[in-house]
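Reader: Could you walk me through the aromatic pairs and the nonpolar cores here?

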Amino acid sequence: MASLFEKPITSLKGIGTAKAQLFNKLGIDSVGALLYHFPRSFEDWSNPVNISDAVSGETCCIRAKLSATMRESRLPGNRFMVRAEVSDGFDAMRIVFFNNKYITSMLKYDTEYLFYGKVTRDLGGVQMVSPEFSVYTGKQNDLKPIYALTAGLSNKAVQNAVKQACELLPSVVADPLPEFIRKKYSLMGLRDAIINIHNPSSLKALNSAKLRLCVEELLVLSLGIKTMKDGRNVAKATNILKDYTEEFISLLPFKPTGAQYRAMKDCVNDMLKSATPMNRLVQGDVGSGKTAIAACACYNVAKNGGQSAFMAPTEILAEQHFATLSKLFLGTDIRISLLTGSTKASEKNRIRAKLQAGEIDVIVGTHALITDKTNFKNLMLAVTDEQHRFGVSQRAKLVAKGEDPHLLVMSATPIPRTLALIIYGDLDISVVDEIPPGRQPIDTLHITSAKRQRAFGFIKKEIDKGNAAYIVCPLVQEDESELMAAEEYAAELMLKEFSDYAVGIIHGKMKYSEKEKTMAEFAAGNLQLLVATTVIEVGVDVPRATVMMIEDADRFGLSQLHQLRGRVGRGNTKSYCILVSDSTSEASQQRLSVMCSTTDGFKIADEDLKLRGPGDFFGERQHGLPKLNIADFSDMETLKLSQDIVKDILSVSPDLSGDEFKGLRGAIRRLFKSSEGTMN
Ligand code: ADP
Ligand code: MG
């Protein structure tokens with residue numbers, strides 16, 4: 001017999017096929033899914049306030065009795081309204097209902113009610129329009145669950161279905177959290193948690209239920225990430241024998257910062273000494289100099305006779321890394337090549353043959369590196385730059401090109417450490433928390449399009465000084481019509497505003513050779529202004545660029561704006577970022593003001609988390625991570641607690657093989673059912 005959780009939703013009374021379809025729209029097909037459809041929020045009926053304390057514009061609960069006869073009046077268009085006056089014993093409030101002919105018989109005189117709704121207060125007094133109400137009994141459910149709904153499905157309907165399902169819960173529900181963990185951390189059992197998350201007996205019970213369910217979700221996610229890394233935790237490393245870091249540093253045109261040096265050493269030590277292959281994340285803000293760290297790792301591997309693959313998310317970036325590394329390795333015996341989607345077919349074949357023969361030491365490239373045709377003789381190190389642009393599976397594909405190679409992933413999306421421990425649970429972390437000396441802070445300002453002309457004037461002045469500028473257009477889709485708009489905009493700038501200047505355009509749909517040519521000309525100074533789409537968002541490094549103007553800046557997320565802005569301020573000249581936006585929405589205003597107030601990537605990431613919520617911040621697609629149902633990535637305390645529990649569990653059973661972890665194993669499998677894990 002199927003357990004209650006697996007039963008179809010139609011097994012509940014009052015839910016036929018039509019209603020079931022509505023539930024399906026919410027992703028609910030089984031009773032289990034219904035029970036895990038947690039309320040979005042609660043209406044708090046537990047704290048009635050005095051009418052005199054009710055704040056205008058806020059939703060509140062008021063305990064009151066009718067204090068005058070209800071009056072019905074006609075409105076135009078066959079509509080009518082009922083007005084009543086209620087009193088809490090001190091003050092009076094007007095309540096109004098529209099087109100509800102039952103109200104006059106439903107509301108009784110001499111009965112105490114709780115009225116729940118938004119209060120407005122003006123010269124005419126205090127008023128609540130169409131409040132919800134229920135008879136005050138002194139013991140009604142104080143917290144009323146509010147669910148995510150879909151058209152045709154009322155909150156009441158969901159509430160009733162959930163109530164029924166809760167009543168059907170057997171007295172013992174299998175709990176994925178092992179008992180010793182529940183005991184140690186005083187966590188509520190699953191059965192109580194489910195009941196209390198929907199119909200809490202008190203605020204305290206609600207919080208305990210929530211905590212327990214959040215912990216469970218984070219635990220399953222985190223344990224999943226840690227245990228599903230293709231058995232890399234048991235793989236044996238092929239280590240390098242000698243440390244060439246000092247020799248590498250002598251090749252650099254600058255002295256590495258302390259943070260860069262530490263990260264370089266972290267990587268080399270992993271590759272020298274660790275029994276398992278390196279699994280390291282280098283996390284550092286834009287401009288902190290991560291490329292040199294990757295180059296150091298590649299150099300060490302090459303000098304020790306191994307091959308490295310350095311993968312970037314865009315061709316522009318791959319090309320740039322290739323140029324940087326080629327220059328750095330000039331005069332050494334290191335053989336380096338570039339492989340991207342746009343490399344000519346014949347050239348591709350030649351490079352692939354050489355890779356397989358071991359005649360290339362370092363290959364820089366894009367996704368072309370992970371296609372079936374690319375094979376290595378001895379891949380010892382896989383590097384991915386701008387990690388947030390790759391899915392977990394792409395990372396795994398690159399790693400699969402070698403026999404347990406070392407892995408180095410680089411990310412410019414700074415996230416709080418506790419969070420990183422979960423998201424990158426399978427990785428060790430080096431933080432590059434230092435910016436090379438001499439950099440000047442970037443001045444950022446927000447203007448409306450009315451001031452665009454003045455901004456153009458400013459850009460011209462900067463260019464006249466010998467600097468260069470970007471103007472970025474937000475092409476979210478990079479589809480034909482948007483591209484045309486960007487091209488037209490660029491053409492107009494070339495012909496009119498900047499007709500005396502050398503202007504280039506670059507976007508994602510251009511041929512590789514054209515992009516490369518444009519970028520090279522911009523870097524060399526032959527182009528003074530580059531009109532660009534977000535293809536320049538990640539990693540591009542042209543230190544002579546000092547101004548970045550971003551059109552319709554409100555259309556970008558905070559982290560993306562931060563990445564874009566990171567394209568300037570990379571040299572020692574004062575740089576500027578001009579955000580153009582006419583949006584009056586509060587959310588955009590807030591985002592833009594964060595941008596204007598700080599250049600600290602960690603602060604911006606924090607704000608981004610708060611403003612957008614974790615769902616958007618860590619797009620499922622980008623991280624290959626499942627969506628969270630109840631837990632919140634910005635809740636540091638719960639994150640920390642769940643990490644402590646993860647440690648406890650793994651210390652008992654590193655592979656979760658024990659019987660008491662059966663439930664957890666099942667939950668992990670369900671959560672990751674779309675990805676190709678090796679757990680069973
Ligand atoms: P990111 O961390 O954003 O990838 P890059 O590796 O592209 O940063 O480096 C940004 C710029 O800073 C490059 O022009 C690089 O040459 C320069 N740079 C890196 N490290 C240092 C350093 N220690 N001193 C001076 N300049 C540096
Ligand atoms: Mg970079």
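Author: Gladly! Rings of Phe, Tyr and Trp (its six-membered ring) pair if their centres lie within 6.5 Å; planes under 30 degrees apart count as stacked, over 60 as edge-to-face and the rest as tilted. This is a predicted model, in which local features need pLDDT of at least 70 and side-chain atom pairs count only at pLDDT 80 or more, while totals for chains, interfaces and linings use all residues. Residues are numbered from 1 along each chain as its sequence is written, and side-chain values use heavy atoms, without hydrogens and water.

Reader: Which residues form one aromatic cluster with F97 and F115?

Author: Two of its members, Y113 and F133, pair at 5.8 Å centre to centre with 90° between the planes, which is edge-to-face. Y113 lies in strand β5 (residues 113–122) and F133 in strand β7 (residues 132–135), so the pair ties together parts 20 residues apart in sequence; strands are DSSP runs (E, at least two residues; helices are H or I, at least four), numbered from the N terminus. The cluster partners of F97 and F115 are Y113 and F133.

Reader: Which residue lies over the face of F498?

Author: F498 is buried, and so is Y501 (buried means under 20% relative accessible area, exposed over 50%, partly exposed in between; 1.4 Å probe, protein chains only). A charge sits over a ring if NZ of Lys or CZ of Arg is within 6 Å of the ring centre and within 35 degrees of the ring normal. At 5.5 Å from the ring centre of F498, the residue is K460.

Reader: Which helix gives the most to the largest nonpolar core?

Author: A nonpolar core is a set of buried Ala, Val, Leu, Ile, Met, Phe, Trp, Tyr and Cys residues joined through side-chain atoms within 4.5 Å. The largest has 82 residues, and F23 and I363 are among those with the most contacts inside it. Eleven of its residues come from helix α7.

Definitions and conventions. Chains lettered and ligands numbered in written order.
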